[in-house]
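Have a look at the protein below and turn it around a few times. We'll walk through it piece by piece, starting with the overall layout and then moving inside.

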Amino acid sequence: MMPPVKPDTPLRAKGFARRLLAARTARELSQTALGERAGISHTQVSNLEAERHGSPGLDTAEKLARALDVPVAWLAYGIGHTPAGVVELEVPDATKAPEDG
C-alpha cells in the first residue's frame with residue numbers, strides 16, 4: 001500500500017516534469033489533449049514539463065494523474081512503481097563533466 005500523499009509536502013519540479021513527460025508520451029497524448037483531459041491549459045502542461053514555473057499544486061498533480069491514469073503519488077513524488085507502459089527518462093547530471101570517449 002502506498003503512503004498517503006500529504007498536501008503540505010512540496011513537489012519537486014525536476015522529478016515531476018520528467019514523470020509528467022514520460023507518462024504523457026507513453027499515453028501518446030499531445031500537451032493540448034492532456035490539458036483538455038485534465039481541465040488545464042496546454043500552456044500550463046508545457047510550462048510544467050519545461051519547469052518554467054516550479055512545481056504544481058497538489059490539485060493540479062491530481063488532475064494530471066487522473067487524466068494520465070497513473071497514481072498521483074508516483075506522478076507527484078515518484079513514490080511506488082512506475083506505471084505500466086511508462087519509461088522514465090534519464091536526466092543528465094549537469095554537475096558532472098562529460099566522459100572522454
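What pattern does the protein follow when you read along the sequence? It goes α-α-α-α-α. Put as a count, that's 5 helices and 0 strands. Keep in mind as you look around that this is a predicted model.

Now for what's tucked away inside. The protein has 101 residues, and 34% of them count as buried. Its largest nonpolar core is made of 21 residues, and the ones touching the most other members are Phe16, Leu20, Leu34, Leu64, Leu68, Val70 and Leu75. Which elements give two or more residues to this core? They are H1, H2 (31-38), H3, H4 (58-68) and H5 (72-77). The largest share comes from H4, with 6 residues.

Let's zoom in on one of those core residues, Leu68. If you leave aside its neighbours within four places in sequence, Leu68 is in contact with Leu20, Ala23, Arg24, Arg27, Leu29 and Leu34. You can also step back and ask about contacts across the protein: among those between residues at least 6 apart in sequence, 64% join residues at least 24 apart.

Next, pick out two helices and see how they meet. Two packed helices are described by the angle between their axes and by the distance between the axes. For H2 and H4, the axes come within 8 Å and cross at roughly 110 degrees. An angle of 65 to 115 degrees counts as roughly perpendicular, so that's the right label for H2 and H4. On the H2 side, the contact is made by Leu34, Arg37 and Ala38, while H4 brings in Lys63, Leu64, Ala67 and Leu68. What classes of residue does this contact have? There are 5 nonpolar residues, 2 charged ones and no polar ones.

Finally, look for charged partners. The structure holds 1 salt bridge. It links Glu49 with Arg24, and the closest N and O atoms are 2.5 Å apart. Glu49 sits in H3 (residues 42-49) and Arg24 in H1 (residues 13-26), so the pair ties together parts that are 25 residues apart in sequence. Are these two partners buried or exposed? The cut-off for buried is under 20% relative accessible area. Glu49 comes in at 14%, so it is buried, and Arg24, at 12%, is buried too. You've already met Arg24 on this walk, as one of the residues in contact with Leu68.

Definitions and conventions
Residues numbered from 1 in each chain as written. Predicted model: local features only at pLDDT ≥ 70, side-chain atom pairs only at ≥ 80, totals over all residues. Heavy atoms only, no water. Salt bridge = Lys/Arg side-chain N within 4 Å of Asp/Glu carboxyl O. Helix = DSSP H or I, 4+ residues; strand = E, 2+ residues; numbered from the N terminus. Buried < 20%, exposed > 50% of the residue type's maximum accessible area, 1.4 Å probe, protein only. Core = buried A, V, L, I, M, F, W, Y, C linked by side-chain atoms within 4.5 Å. Contact = heavy atoms within 4.5 Å. Axes fitted to C-alpha atoms, helices over the stretch in contact; angles between N-to-C directions. Parallel < 35°, antiparallel > 145°, perpendicular 65-115°, else oblique. Nonpolar A, V, L, I, M, F, W, Y, C, P; charged D, E, K, R; others polar.
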